[in-house]
Amino acid sequence: MSVDDDAEDGLVGSAFPDCPRCGDPILATVVTGPSEATATPCGCRVAPPHLERE
């Protein structure tokens, strides 16, 4: 399957955000401090996500 095949099927991109350091999809983040988190599964250190209120 090529990128063009994905676009035709409506499957463009990932449902998960990309890691800002390595570009792999982030499935979860573990907050380790007020300004630090670890992305899973890549293990890169990233800024913690902002909590959204509805």
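Start with the sheet: it is open, it has three strands in the order 1-2-3, and the pairing is antiparallel. Select strand 1 (28-33) and strand 3 and you're looking at the edges; each has a single partner strand, so one side of each is left without a neighbour in the sheet. Keep in mind as you click around that this is a predicted model.

**Zoom out for a moment**

Show the whole chain as a cartoon. You should find one helix and three strands, and reading along the sequence gives the pattern α-β-β-β. Now colour by pLDDT. The chain averages 78, and 65% of the residues score at least 70. Among the elements, helix 1 (residues 3-9) has the lowest mean, 50, while strand 3 (residues 45-46) has the highest, 93.

If you switch on a surface, the chain exposes about 4600 Å², with carbon and sulfur atoms supplying 52% of that. Buried residues make up 15% of the 54 residues in the chain. As for contacts with a separation of 6 or more, 9% are between residues 24 or more positions apart.

**Select 28-33 and 36-40**

These are strand 1 and strand 2. Together they form a hairpin with two residues between them. Five bridges join the two strands, which run antiparallel. Want to pick out some of the bridges? Select V30 and you'll find its partner T38 in strand 2. Then try G33, whose bridge partner in strand 2 is E36.

**Select P41**

Next, move on to the loop between strand 2 (36-40) and strand 3, where P41 has its place. Look at the backbone here: the peptide bond from T40 to P41 is cis, with omega near 15 degrees.

While T40 is on screen, add C19. The two are 21 residues apart in sequence, yet their C-alpha atoms are 9.2 Å apart in space.

**Select the core**

Now show the side chains of C19, I26, A37, A39, C44 and V46. These six residues are the largest nonpolar core. A39 is a good place to pause: leaving aside neighbours within four places in sequence, A39 is in contact with I26, A28, T29, C44 and V46.

Then hop to C19, in the loop between helix 1 and strand 1. Is C19 buried or exposed? Its relative accessibility is 4%, so C19 counts as buried. With neighbours within four places in sequence again set aside, C19 touches D24, I26, C42, C44 and V46. C44, another member of the core, is buried too, because its relative accessibility is 17% and the cut-off for buried is under 20%.

**Select the cysteine sulfurs**

Last stop. A disulfide is a covalent bond between the sulfur atoms of two cysteines. How many disulfides does the count come to here? Zero. To see why, turn on the sulfur atoms of C19 and C22: C22 holds the closest cysteine sulfur to that of C19, but at 3.8 Å the gap is too far for a bond. Do likewise with C44 and C42. The closest cysteine sulfur to that of C44 is in C42, 3.8 Å away, and that is also too far for a bond. The cut-off behind this reasoning is that the two sulfur atoms must be within 2.5 Å.

Note on methods:
Residues numbered from 1 in each chain as written. Predicted model: local features only at pLDDT ≥ 70, side-chain atom pairs only at ≥ 80, totals over all residues. Heavy atoms only, no water. Helix = DSSP H or I, 4+ residues; strand = E, 2+ residues; numbered from the N terminus. Buried < 20%, exposed > 50% of the residue type's maximum accessible area, 1.4 Å probe, protein only. Contact = heavy atoms within 4.5 Å. Areas by Shrake-Rupley, 256 points an atom, 1.4 Å probe, with all protein chains shown as cover. Core = buried A, V, L, I, M, F, W, Y, C linked by side-chain atoms within 4.5 Å. pLDDT = per-residue confidence, 0-100. Pairing = 2+ DSSP bridges.
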